[in-house]
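Hi there,

Here is the structure I promised to pass on to you. My notes on it follow below, so please have it open while you read.

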Amino acid sequence: MADGIRVKDLNAWFGDVHVLHGIGLAIAPKAVTAIIGPSGCGKSTFIRCLNRMHEVVPGARVSGTVLVEGEDLYAPGVDPVEVRRKIGMVFQKANPFPTMSVFDNVAAGLRLAGVRNRAMLNDAVERALTHAALWDEVKDRLDRPGSSLSGGQQQRLCIARALAVGPEVLLMDEPCSALDPIATAKIEELILELRKDLTIVIVTHNMQQAARVSEATGFFLLGELVEFGVTRALFTNPRDTRTEDYITGRFG
Amino acid sequence: MTARRRRWVNVVMAALTALAALGTILPLLFIFGFLVYQGASAINLDFFTRLPKPVGEPGGGMANAIAGSLILIALASALGLPLGILGGVYLAESRERRLPWLIRFVADVLNGVPSIVIGIFAYTVVVLSMRRFSALAGGVALAVIMLPIVLRTTEEMMRLVPASLREAALALGLPEWKVIVRVVLPTARAGIITGVMVAIARVAGETAPLLFTAFGNRFWHQRLDQPIAALPLQIFAYAISPFDDWHRQAWAGALVLITLVFLVSLAARIATRGRYSAVR
């Protein structure tokens, strides 16, 4: 992962609606990149393009290139299933599988990919839950339903589930927007821990959060990337007046 | 004043809705009570173990009809459930527009076709080509009745599974078929089984489509390509007879039939009361 992710001239559509216009940026490896912008600016669509989840929506289309380790995710013949295994995703609302226990949720990715070895699964589940800072809280109730955990725990369960398949990149789509400040702080702490091993791209509405956790930030507006750069510089000395208006709350 | 009025309206409306809810289950309670009153006296061990006696002889039972009904339901389920559930998966998951629309439309029409017409269809297709009445023909007729119910409930229940779960599974790098089989179907399981139970309860009591397919049989059935007895048929035959003893047995048969449906529904409820079920 020396190269990180290089996005070139990325366009995305929902049917006839052109939602992303020629996005280009470079995401550093083993670092946190934040994507900010008002609702409907295309930031969620953007990260969904990074693991080929955008095309899951009927009528959705993508053009352009996304190079991960020099290989284009959108080259012909690339299997989106393989892409998603390497590039995990966490969603806005925690979505543990309701028919599965805590353990089964975390093991789901491996088990459904054909791993049967019990010892290997136990090991992977413990590692993923520890990694997601949830192990101590759930180690005594691994067989309880995943949906029995609190909202913040559920979100960390989803992070553990994504980590268990061993991705190189973790995409987070507003992972804290449904959580209280304490749960949010835990997730942010976790993000800072995870970036030692993973490339993280996080979409957030919360500018303080972007400032706290990320090295680089991109500001999206109306489907365009207005500004992209080092987080501190973007927040203290924005180059574009639209960025300045947004981060100072003078928008609209 | 307005607060008093609001409380008063609240009490009245709450009472009305409770009464209405009670009213919907009253018919069932009445039917069940009436069946017990009329039929309980004819229920004994013989009723479950003996064949019907010839006209004029007292006693006998409906063992062949009970077994026949179970066999017909099993046949109909074997034919109708795989087709209905797989078809429902297609309707829920396909990205096509026109074919699913057409299938949905036809299934809804089929659901409204009188069961006797479906009996005529099974008669024409199965009975005439085999040149005899048979359990198989009865099973086909009942399966056709089950199909649209199972198809549409499977589809509806799969659609109730939140899109976020599909996305979570896809984002783990699962191929679409595994997402369906391992995540969507288990989540929708309880609802699908409820639909299956509704379909079974519906066909268990069907009489008209069996009249000229399964035909009925006063003895133990021999093979699946031979006529077979069924509870609704036996009830019908006994109810229109002039003998008091047979009338009592008809009531008893109805009681057994309704109990059978009740037990099957109850068993399904208990079997699907999984701790993790989301959609019911």
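Among the contacts in chain B between residues at least 6 apart in sequence, 74% join residues at least 24 apart. Please keep in mind throughout that this is a predicted model.

The secondary structure of chain B consists of 11 helices and zero strands, so to speak an α-α-α-α-α-α-α-α-α-α-α pattern when read along the sequence. Its C-alpha trace spans about 70 × 65 × 35 Å along the principal axes. Chain B has 280 residues, and 40% of them count as buried.

Now to where the chains meet. On the chain B side, 20 residues are in contact with 24 residues of chain A. Two elements of chain B, α7 (163-171) and α8 (176-204), each give two or more residues to the side that touches chain A. The largest share, six residues, comes from α7(B). Sorted by class, this side of chain B has 11 nonpolar, four polar and five charged residues.

Next, the interior. The largest nonpolar core has 149 residues, and those that touch the most other members are A:A160, A:A164, B:M146 and B:A214. Helix α6 (residues 135-160) of chain B gives the most to this core, with 16 residues. As for A:A160, if we leave aside its neighbours within four places in sequence, the residues in contact with it are A:V106, A:A128, A:L129, A:H131, A:A132 and A:L134.

Chain A also has a sheet that you may like to look at. This open sheet has six strands in the order β6-β7-β8-β3-β9-β10, and the pairing is mixed. Its edge strands, each pairing on one side only, are β6 (87-90) and β10 (224-230) of chain A. From one strand to the next, the twist averages 15°.

At the β6 edge, β6(A) pairs with strand β7 (residues 169-173) of chain A in the parallel sense, over four bridges. Within this pair, A:V90 stands opposite A:M172 in β7(A). Helix α6 (residues 151-164) of chain A packs on the sheet and touches β6 and β7 of chain A. The direction of this helix makes about 170° with that of β6(A).

Over to you, and happy browsing!

Best wishes

Notes
Residues numbered from 1 in each chain as written. Chains lettered and ligands numbered in written order. Predicted model: local features only at pLDDT ≥ 70, side-chain atom pairs only at ≥ 80, totals over all residues. Contact = placed C-beta atoms within 7 Å. Nonpolar A, V, L, I, M, F, W, Y, C, P; charged D, E, K, R; others polar. Core = buried A, V, L, I, M, F, W, Y, C linked by C-beta atoms within 7 Å. Buried ≥ 20, exposed ≤ 12 C-beta atoms within 10 Å, placed from the backbone. Pairing = 2+ DSSP bridges. Axes fitted to C-alpha atoms, helices over the stretch in contact; angles between N-to-C directions.
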